[in-house]
Amino acid sequence: MRRFLFNIGYFLKESGRIIRLNLLSNIFTVIGTGLILFLLGLVITGADIGNRLVVMLNDEAEVNGYFSQEVTSEEMDVIAVKIGNMDGVRSTRIVDEDEAKSRMEEILGEEAKILELFSDNPFEAFIEIRINVDAMDAVINNVKNTDGIEYVRDNKEVLEKIQDITYALRILGYLMIFAVGITTLIILSHMIRQGIYNNKDQINTLKLLGSPGAFIGFPYVLTGVILTLLGGMIAAFFMVWLINSAYDSIGGTILFLPLPPRKELTDIMMLWLPGISLVLGFFGSLFGLSSIRERS
Amino acid sequence: MIVFNEVSLVYPDKTQALFDVSVDIKQGELVYITGPSGSGKTSLLKLIMGIEVPTTGTLNVFDSPVKNSSLGSIRKIRRKIGPVFQEFKLIEGRTSLENVITGMRFLNITPKQMKIQAHEALEKVGLGHKKLSKVENLSWGESQRVAIARAVARKPSLILADEPTGNLDYDNAINILELLKSFRDMNTTVIITTHATHLIKDEEDATFLRVNNGRITVERRCL
């Protein structure tokens, strides 16, 4: 470790030399890595907004349970508490006949006059049950089997669509992250192999002098990390610029689209993109370095 | 220190480079390996450095077996050796001083000591004034001296010089040989390969390994 610290300056100089030796190629590596990480930034932003949308839609997921005729208002309260304690149920609320009618009036608007044709309120009290989409089937089944509940009205098709969208967004995000990771690793390891090839005489001399593999390899790892970090910083800069421009032009919010706070998003970009680039740079370089393994 | 015991070396293309070599080289000895080109001189050095391993027989360097050794053990052996390669193997784009220091960076010495030893070695080979010159700007003879400085600055137990007199005129060749021999003062073993036997024929305190078609004969001369 002490020897390693003694040589930090040497390693940095070596990295600079390796970069300068193939400057144009390395500039393209930085630009390429930056563009790939920029794409990753877009995916992360999209996934974040998508997740918020899914959470919002999840929050809206509900089924309605209708009481049997003989159930009294006291019993309704007991049933509501019982259902509220079920797994997968987030909250329950009893909607009485009057509220049910006024809701329908709101929905019908001017056509609500039709309700005046009824001498009595035609609506029944029901229980509004907010649920976790993941536990939808089990909750509907349990509510149906609850004493005092005559039938359950669900929006199963809509809820299933929400589930599918959530799943698709997650898979897409993972696929993009995987693709970006592999692409960066391949670009970097190729670049490191190229650097090793360009310096093969020097590497061979160091081997003959008894240099440990780590001493030979570290400048290449450092080079890979520096190049990807530069790419990560470029990507972060453009993502922050893009986010700021987008928020300025849309005034911070789009109806029905729950945007994350601007600062939260820019902070994620400034932290995650350089962070991911560091990790990818390290592993990409190690992968490339495997080509200088000496036969024992 | 270096013990060859019935060592044979066959290259992958089936060329037999050495046959049943047995010799014991002791600490502080001066050894000349002579013989015509292609006789197996460089193969002997490659074996000592662990670049090649014996096909049959055993070879111990600094009491460590070369055959079936781990890469780490081979590297340890190499760190005790100061090699002077025939083609020098200096790192271009660096100064003489940087080249000498690069050969020491991974040894167990402090940066200060490293610089002192590098300066001393360059002074000793007469290149103190060229320590900041890029090696590609040096003459053949100067480059060779930098290679020697790199080898000796490491304060090795063994100096291996492969054809150090090749391409040199008589006076320069003698100077290089005298320089290499001078490192025996530090009880360093010096092994020199050369086909220029006329330069060493009068040597009185040395061991001669004469290689011919992969077989060697040993002659020891003592004062």
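**Figure 1. Two helices of chain B cross in this predicted model.** Axes here are lines fitted to C-alpha atoms, for helices over the stretch in contact, and angles run from 0 to 180 degrees between N-to-C directions. With that in mind, meet helix H4 (residues 111-124) and helix H5 (residues 140-153) of chain B, which pack at an angle of about 135 degrees with their axes 8 Å apart. H4(B) and H5(B) are therefore oblique to each other, because angles over 145 degrees are needed to count as roughly antiparallel. Their crossing is right-handed. On the H4(B) side you will find Gln117(B), Ala118(B), Ala121(B), Leu122(B) and Lys124(B), which meet Ala149(B), Val152(B) and Ala153(B) of H5(B). Sorted by class, this contact has 6 nonpolar, 1 polar and 1 charged residues.

**Figure 2. In chain A, helix H9 packs against helix H10.** H9 (residues 213-250) and H10 (residues 262-289) have axes that come within 7 Å and cross at roughly 155 degrees. That angle is over 145 degrees, so H9(A) and H10(A) are roughly antiparallel to each other. The crossing of H9(A) and H10(A) is right-handed. Nonpolar residues number 23 in this contact, alongside 11 polar and 1 charged.

**Figure 3. Gly148(A) sits in a loop between a helix and a strand.** Look for Gly148(A) after helix H6 (136-144) and before strand S4 (149-153) of chain A, in the loop that lies between them. Gly148(A) has 17 C-beta neighbours inside 10 Å and therefore counts as partly exposed; 20 or more would make a residue buried, and 12 or fewer exposed. Leaving aside neighbours within four places in sequence, Gly148(A) is in contact with Phe67(A), Ser68(A), Val71(A), Glu75(A) and Ile79(A). Glu70(A) is 78 residues away from Gly148(A) along the chain, and the C-alpha atoms of the two are separated by 8.0 Å.

**Figure 4. Chain A is assigned two domains.** Domain 1 takes in residues 2-56 and 160-295, while domain 2 covers 62-154. The C-alpha centres of domain 1 and domain 2 of chain A lie 52 Å apart.

**Figure 5. Chain A touches chain B.** Here 14 residues from chain A and 13 residues from chain B take part in the contact. On the chain A side, the elements giving two or more residues are helix H1 (2-6) and helix H8 (200-208). H8(A) gives the most to this side, with 3 residues. By class, the chain A side has 6 nonpolar, 6 polar and 2 charged residues.

Conventions. Residues are numbered from 1 along each chain as its sequence is written. Chains are lettered from A and ligands numbered from 1 in the order in which they are written. This is a predicted model: local features need pLDDT of at least 70, side-chain atom pairs count only at pLDDT 80 or more; totals for chains, interfaces and linings use all residues. Two residues are in contact if their C-beta atoms, placed from the backbone, lie within 7 Å. Helices (H or I, at least four residues) and strands (E, at least two) are DSSP runs, numbered from the N terminus. Ala, Val, Leu, Ile, Met, Phe, Trp, Tyr, Cys and Pro count as nonpolar, Asp, Glu, Lys and Arg as charged, and the others, Gly among them, as polar. Domain bounds come from an automatic or database domain assignment. Angles under 35 degrees count as roughly parallel, over 145 as roughly antiparallel, 65 to 115 as roughly perpendicular and the rest as oblique. A crossing is left-handed if the near helix is turned anticlockwise from the far one by less than a right angle, and right-handed if clockwise.
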